[in-house]
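Visitor: Hi! Could you talk me through this one while I look at it?

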Amino acid sequence: MNAGRSSFGLRFDWIGLLFACLLTLFIALPLIVVGTWAFTEVWRYPSVIPQQFGLRFWGQTLARSDVWDALFLSLRLTTTVTILSAVICLPAAYAFARMRFPGRNILFLSFLASHAFPKFGLLVAIAGIFLQLGLISTFWGVVLIQLVGTLMLMIWIPVAAFQNVDRRMEEAARDAGATPLRVFWSITLPQAAPTISAALLLTFVGTFYETEGAWLIGAPQVRTMPVLMISFINNQIVVQYGAVLSVMLWVPSFIALMFARRVIGTGAFARGFGA
């Protein structure tokens, strides 16, 4: 009986490993192809392997003024959204973590609303409102639309961080005569800071690569790096330009996400959900 169960478990493990490998291949293969195009100068059908590698298209891409304009705009836009998100969401996250008030759980779960519906349909509805307000094709219009996408990260993860602060240290500081502000600045914030930093980093990365809102609200005046990359591909400009921009966008995000993963761990969302 036990041998049969063990055999079934072994077969199930191998099936799981097979699906994991197929999923990895499904995700990694497009990345490999794009990365190969970024360093390819000649790759003609039906050859499976590029006929000539080189960095010529890196030089051409980086020499384009629209690439640098899009990069600086993306950095300015992303920095603005991240700062505003922190100013708005962190006090709210602290209130959710420490206070009990009517409708708290419903309000807390409502921050999932922007992710519970088809995003493009929501953006189209918001675009109609922005059109009436004169925010289409403006910097601040894109800022506002991208703020919506930061709410879940900047509420849920900091809530978990504030909940995990050692309350005994806070109480000891209060007993020693520290003011509430002093306790928050010297005890609460340092303990929550690593997780909050990871939330800020994820927000920055997610905003930097956000495409739908920037394209729908910002076009044609506001062109971020992802929007520029899509325009290169859609307009059939040299495919290597889009590949180079893809690599430029992918490498920093991969490093940032690996750092955030180490800081947050896998239980942050679950702890936030249990607030």
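Guide: Happy to. The largest nonpolar core has 22 residues, and I155 and V159 have the most contacts inside it. A nonpolar core here is a set of buried Ala, Val, Leu, Ile, Met, Phe, Trp, Tyr and Cys residues joined through side-chain atoms within 4.5 Å.

Visitor: Which helices each supply at least two residues of this core?

Guide: Those are α3 (65-98), α7 (139-163) and α9 (180-208). The most comes from α7, which gives 9 residues. There is also a second, separate core of 17 residues, with L123, V143, V222 and V227 among them.

Visitor: Nice. What kind of model is this, and what pLDDT do local features need?

Guide: This is a predicted model: local features need pLDDT of at least 70 and side-chain atom pairs count only at pLDDT 80 or more, while totals for chains, interfaces and linings use all residues. Residues are numbered from 1 along each chain as its sequence is written, and side-chain values use heavy atoms, with hydrogens and water left out.

Visitor: OK, zooming out: how many helices and strands are in the protein chain?

Guide: The protein chain has 13 helices and 2 strands. These are DSSP runs numbered from the N terminus, with helices being H or I over at least four residues and strands E over at least two. Of the 275 residues, 37% are buried; that means under 20% relative accessible area, with exposed being over 50% and partly exposed in between (1.4 Å probe, protein chains only).

Visitor: And what share of the contacts is between residues 24 or more positions apart?

Guide: It is 71% of the contacts with a separation of 6 or more, where contact means heavy atoms within 4.5 Å.

Visitor: Which residues does the UniProt annotation "transmembrane region" cover?

Guide: The unreviewed UniProt entry puts that annotation on residues 12-39, 70-94, 106-133, 139-162, 183-209 and 238-260. UniProt positions are in the numbering used here, feature names are shortened, and annotations may be inferred rather than shown by experiment. In the model, residues 70-94 are 100% helix and 0% strand, with end C-alpha atoms 35 Å apart. Residues 139-162 are also 100% helix and 0% strand, and there the end C-alpha atoms are 33 Å apart.

Visitor: Let's do helix packing. At what angle do α6 and α7 pack?

Guide: Helix α6 (residues 119-133) packs with α7 at about 145°, their axes being 12 Å apart. Axes are lines fitted to C-alpha atoms, for helices over the stretch in contact, and angles run from 0 to 180 degrees between N-to-C directions. The α6 and α7 crossing is right-handed: the near helix is turned clockwise from the far one by less than a right angle, whereas anticlockwise would be left-handed.

Visitor: Which residues of α6 and α7 make the contact?

Guide: L123, I126 and F130 come from α6, and G141, L144 and I145 from α7. By class that is 5 nonpolar, 1 polar and no charged. Ala, Val, Leu, Ile, Met, Phe, Trp, Tyr, Cys and Pro count as nonpolar, Asp, Glu, Lys and Arg as charged, and the others, Gly among them, as polar.

Visitor: How about α3 and α11, where do their axes come?

Guide: They come within 8 Å and cross at roughly 145°. D66, V67, A70, L71 and S74 of α3 make the contact with M225, P226, L228 and F232 of α11. This contact has 7 nonpolar, 1 polar and 1 charged residues.

Visitor: Why is α11 described as largely enclosed?

Guide: Because 7 of its 10 residues are buried. They are M225, P226, V227, L228, M229, S231 and F232.

Visitor: And S85, buried or exposed?

Guide: S85 is buried, at 1% relative accessible area, and lies in helix α3. Beyond four places in sequence, S85 touches L90, L147, T150, M154 and T203. The C-alpha atoms of S85 and M154 are 7.0 Å apart, with their positions 69 residues apart along the chain.

Visitor: Last one: which residues does a cis peptide bond join?

Guide: A219 and P220, with omega about 0°. P220 is in the loop between α10 and α11, and so is T224.
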